[in-house]
Amino acid sequence: MKRLPRVGYLMLLPFFLAFAVFTIYPVVNTFTTSFTNDSLTSLNPAHFIGVENYQHELASPLFWKTFYNTWAIWLPNIILQMALALFVAAVMTNYQIRLKGKGLFRAVIFFPNIVTVTTIAILVYALFDWQSGAINQLLFGSNHAKYINWFSHGYWAQLVISGVQTWMWFGFTAIMLISGIQSMPKDYFEAAVLDGASDSKIFFGIVLPIIRPVMVYIMITSLIGGMNMFDLPWVLFSNTGGPDQGAMTMSVYMYSRAFTWDQNLGAGSAVAWIVFAIIGVFTLAYLRVTYGKENAEETMK
Amino acid sequence: MKFHLPKRVLTLGLVGLWLGSALSFGQWAQGRTLTIMTFSDEFKTNGVIADFEKLTGAHVDLRVVPNEQYMNKLIPLLRTKRDVPDIFVGEAGYIKEVVNLGQSVDLGGAPYYASTDNQYPYAAEMGRDKSGVLRALTWQTTPGGLFFRRSIALKVFGTDNPVEVGKHFSTWSKFIASGKLLAKHGYYLLPEAGDLGSVFFANKKEPYFDANHNWHLDPIIKKYFEVAKQLRDGNMDMKLSDWSAPWMDQMNTPPGKAKVFAYLWPTWGLFFVLSNQKESLGDWGICHTPLDWYWGGTWLNIYKGSPNKDLAWAFISMMTQNEPYMEKLALRTGDFSSDKVVVNTIMDHFNNGDPAGVLGGHQNHYKFFAETADKIDASGVSSEDRVINQVVGSVLDDYLNNKFPNVDAAMKEITTRVQQMYPDMNY
């Protein structure tokens with residue numbers, strides 16, 4: 001086998017250095033910190049306390065509440081997001097519907113994804129303001145008695161965040177699906193049409209099975225993103241979690257634990273690893289359901 | 001050949017030499033750098049840094065860290081003892097946390113012997129650690145008041161004289177009764193009932209956690225909930241989220257169209273917020289609330305490991321001990337000074353009202369704030385106020401939205417939430 005010149009390794013060095021400093025070190029440091037009583041309020045050195053942080057967090061009702069909140073925000077979002085994206089992808093790739101200005105439409109649906117979360121939070125405040133916001137006016141017109149105070153109950157806050165996440169991400173998901181569909185050989189469609197298959201048959205019988213890997217990728221990346229959801233709930237409600245603490249996700253809890261409440265870095269690090277384990281378990285479970293045991297393990301590798 | 005310099009030239013030359021040396025002697029810290037870590041660029045914008053650099057010849061390296069991240073940035077620096085600024089600050093919400101770290105020099109002791117004799121008691125009290133040692137000083141105080149619409153007051157109370165209007169708000173029962181009267185006329189007393197938080201938080205008599213880490217929920221918090229609930233249930237607040245666009249809009253509504261009678265602001269609300277509400281300028285007056293209160297403020301500390309303690313002290317001394325300079329600064333910025341002598345000296349400068357013309361009737365805001373500042377008691381402030389006050393605010397929102405059967409259940413919820421946040425304390 002031909003050996004590569006050693007200078008090639010030098011070219012790779014900057015990446016590995018950055019990777020070691022910004023990824024490996026924080027991961028290892030978070031892991032070791034999770035077994036200590038390290039705290040930002042104390043100038044004393046941290047002590048090893050074993051698995052105490054893990055025990056405490058797993059027994060904390062607030063942690064499990066944040067677990068529930070995270071799912072309550074992510075699940076409706078991914079269902080609606082996938083449905084919308086599939087619909088858009090199906091329409092935009094249907095050879096019988098010759099849409100004009102597809103490029104512009106793609107840019108428009110992708111747009112929310114490039115807007116900063118802080119900007120979106122300001123928009124959310126304006127749109128969902130219960131007295132003067134556009135959403136209530138749109139839903140109930142001048143019937144003020146029916147206006148919903150969107151930030152008065154945990155479930156409303158969850159619904160708002162979930163809806164905003166859908167709006168932000170369905171364009172991205174649709175574009176992923178469109179590229180998945182467009183990469184399919186045209187012969188499949190032509191053969192199906194020649195055999196007299198209907199549009200719905202083509203979609204469910206050919207398109208969906210073929211784009212399954214793309215959908216799995218979207219589901220898993222969305223699951224990871226959803227379980228780590230931090231920015232929007234934080235910008236909207238900070239460390240209070242909003243009404244009924246309903247918008248306190250696991251990541252908001254982790255950050256608050258480590259940096260704002262008692263500034264317990266050990267506990268915050270333990271939460272980070274618990275969230276990691278949760279994501280791992282659900283990802284594996286999803287892959288097993290989708291691909292079966294053997295293929296799931298192969299995919300994880 | 002003899003060379004004769006004219007006498008006048010010689011004299012001028014000598015005077016010039018003397019002046020030059022005097023000036024360079026004044027700039028005793030040339031070539032040195034003072035590092036200040038704070039959470040706003042006000043030292044730059046209000047000209048303090050320029051003044052200090054001119055006075056000492058030193059260069060000031062100003063590091064600005066957002067307020068909400070300030071402690072997270074400061075603590076690691078203090079822990080590693082690397083890159084620690086010569087001066088670090090503490091905002092009212094966490095100054096107790098800062099002074100209790102034990103990393104600031106004792107400003108009351110040698111060689112500083114800072115004087116707090118002329119300072120408002122609460123301003124000095126906030127800078128003391130749990131043992132009573134003076135660790136931080138401030139140049140400003142931030143007492144607050146009820147900024148009301150004169151046009152509405154005239155219609156509803158028959159007077160817009162701040163003293164007369166204040167009589168309608170001197171106790172909580174009168175406060176509620178006046179709110180009801182305003183509601184009858186179609187006005188809201190406040191934009192949001194929760195806005196009263198600053199008034200009550202500043203009047204806690206004991207810290208949330210005592211020296212033995214025991215939890216105390218001051219009875220004043222319960223009173224806060226009761227008053228806020230009465231306002232909400234009596235339709236006396238407009239239910240506008242604070243700092244939201246409608247909340248700001250109401251402040252900028254011209255007289256005659258305004259629906260909200262009053263906003264609660266400290267000193268800085270006058271200079272930084274109300275002065276920008278061009279449509280409502282001149283329609284405001286200030287009167288007292290049933291309790292005297294403050295909101296905000298910045299305290300300066302010198303890092304005990306700093307190699308530039310003399311320079312840091314020169315800066316803090318200029319800001320907090322040098323009364324002629326404090327006078328100049330207060331007149332330049334409109335800031336309400338922490339020094340009573342300064343306040344009394346410049347008070348009459350504002351007999352024609354504030355510079356932006358926010359207050360109508362030539363009301364002297366300096367006189368008003370001076371009355372309040374003297375009565376503020378900060379003995380109940382503790383390190384955890386910043387976080388726990390937010391929790392209290394969040395539970396209040398839930399209480400106002402009828403999530404709890406009674407106020408005691410809401411108090412219990414506060415304890416539960418705080419316990420989740422500070423699990424290692426005693427409850």
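Start in chain B of this predicted model by selecting strands 4, 5 and 6, which form an open sheet of three strands in the order 5-4-6 with antiparallel pairing. Strand 5 (262–266) and strand 6 (284–287) of chain B are the edge strands, each pairing on one side only. On average, neighbouring strands of this sheet are turned by 35° against each other, direction ignored.

Next, keep strand 4 (residues 144–149) and strand 6 of chain B on screen: four bridges join this antiparallel pair. Show side chains for B:L146 and look across to strand 6 of chain B, where B:C287 stands opposite. Then add helix 7 (residues 150–157) of chain B, which lies across strand 4 and strand 6 and runs at about 75° to strand 4 of chain B.

**The four-stranded sheet**

Now select strands 1, 2, 3 and 7 of chain B. They make an open sheet with the order 2-1-3-7, and the pairing is mixed. At its edges are strand 2 (59–64) and strand 7 (298–302) of chain B, each paired on one side only. Here the average turn between neighbouring strands is 25°, direction ignored.

Zoom to strand 3 (residues 87–91) and strand 7 of chain B, which run antiparallel and are joined by five bridges. Which residue of strand 7 of chain B does B:F88 stand opposite? The residue to pick is B:N301. To see what covers this part, add helix 14 (residues 309–320) of chain B, which lies across strand 1 (33–38), strand 3 and strand 7 of chain B. Helix 14 runs at about 155° to strand 7 of chain B.

**Two crossing helices**

Hide the sheets and select helix 11 (residues 219–233) and helix 19 of chain B. Their axes come within 10 Å and cross at roughly 130°, which makes helix 11 of chain B oblique to helix 19 of chain B. The crossing is right-handed. On helix 11 of chain B, label B:K222, B:F225 and B:E226; on helix 19 of chain B, label B:V407, B:A410 and B:M411. These residues make the contact, and they divide into four nonpolar, no polar and two charged.

**Where the chains meet**

Bring chain A into view. The contact between the chains involves 22 residues of chain B and 20 residues of chain A. On the chain B side, helix 4 (70–80), helix 12 (245–251), helix 18 (385–400) and helix 19 (407–421) each give two or more residues. Helix 18 of chain B provides the largest share, six residues. By class, this side of chain B has 10 nonpolar, six polar and six charged residues.

Stay with helix 18 of chain B and select helix 12 (residues 250–260) of chain A. Is helix 12 of chain A mostly covered or mostly uncovered? It is mostly covered, with nine of its 11 residues buried. Among the buried residues are A:M250, A:Y253 and A:R257. The buried residues of this helix pack against helix 3 (61–93), helix 10 (212–227), helix 11 (231–237) and helix 13 (265–291) of chain A, together with helix 18 of chain B.

**The whole of chain B**

Finally, zoom out to chain B alone. Its secondary structure comes to 19 helices and seven strands. The C-alpha atoms fill a box of roughly 105 × 55 × 35 Å along the principal axes. Of the 427 residues of chain B, 44% count as buried. Among contacts in chain B with a separation of 6 or more, 76% are between residues 24 or more positions apart.

Technical notes: Residues are numbered from 1 along each chain as its sequence is written. Chains are lettered from A and ligands numbered from 1 in the order in which they are written. This is a predicted model: local features need pLDDT of at least 70, side-chain atom pairs count only at pLDDT 80 or more; totals for chains, interfaces and linings use all residues. A residue is buried if 20 or more other C-beta atoms lie within 10 Å of its own, exposed if 12 or fewer, and partly exposed in between; C-beta atoms are placed from the backbone. Two residues are in contact if their C-beta atoms, placed from the backbone, lie within 7 Å. Ala, Val, Leu, Ile, Met, Phe, Trp, Tyr, Cys and Pro count as nonpolar, Asp, Glu, Lys and Arg as charged, and the others, Gly among them, as polar. Axes are lines fitted to C-alpha atoms, for helices over the stretch in contact, and angles run from 0 to 180 degrees between N-to-C directions. Angles under 35 degrees count as roughly parallel, over 145 as roughly antiparallel, 65 to 115 as roughly perpendicular and the rest as oblique. A crossing is left-handed if the near helix is turned anticlockwise from the far one by less than a right angle, and right-handed if clockwise. Two strands pair if DSSP finds at least two bridges between them.
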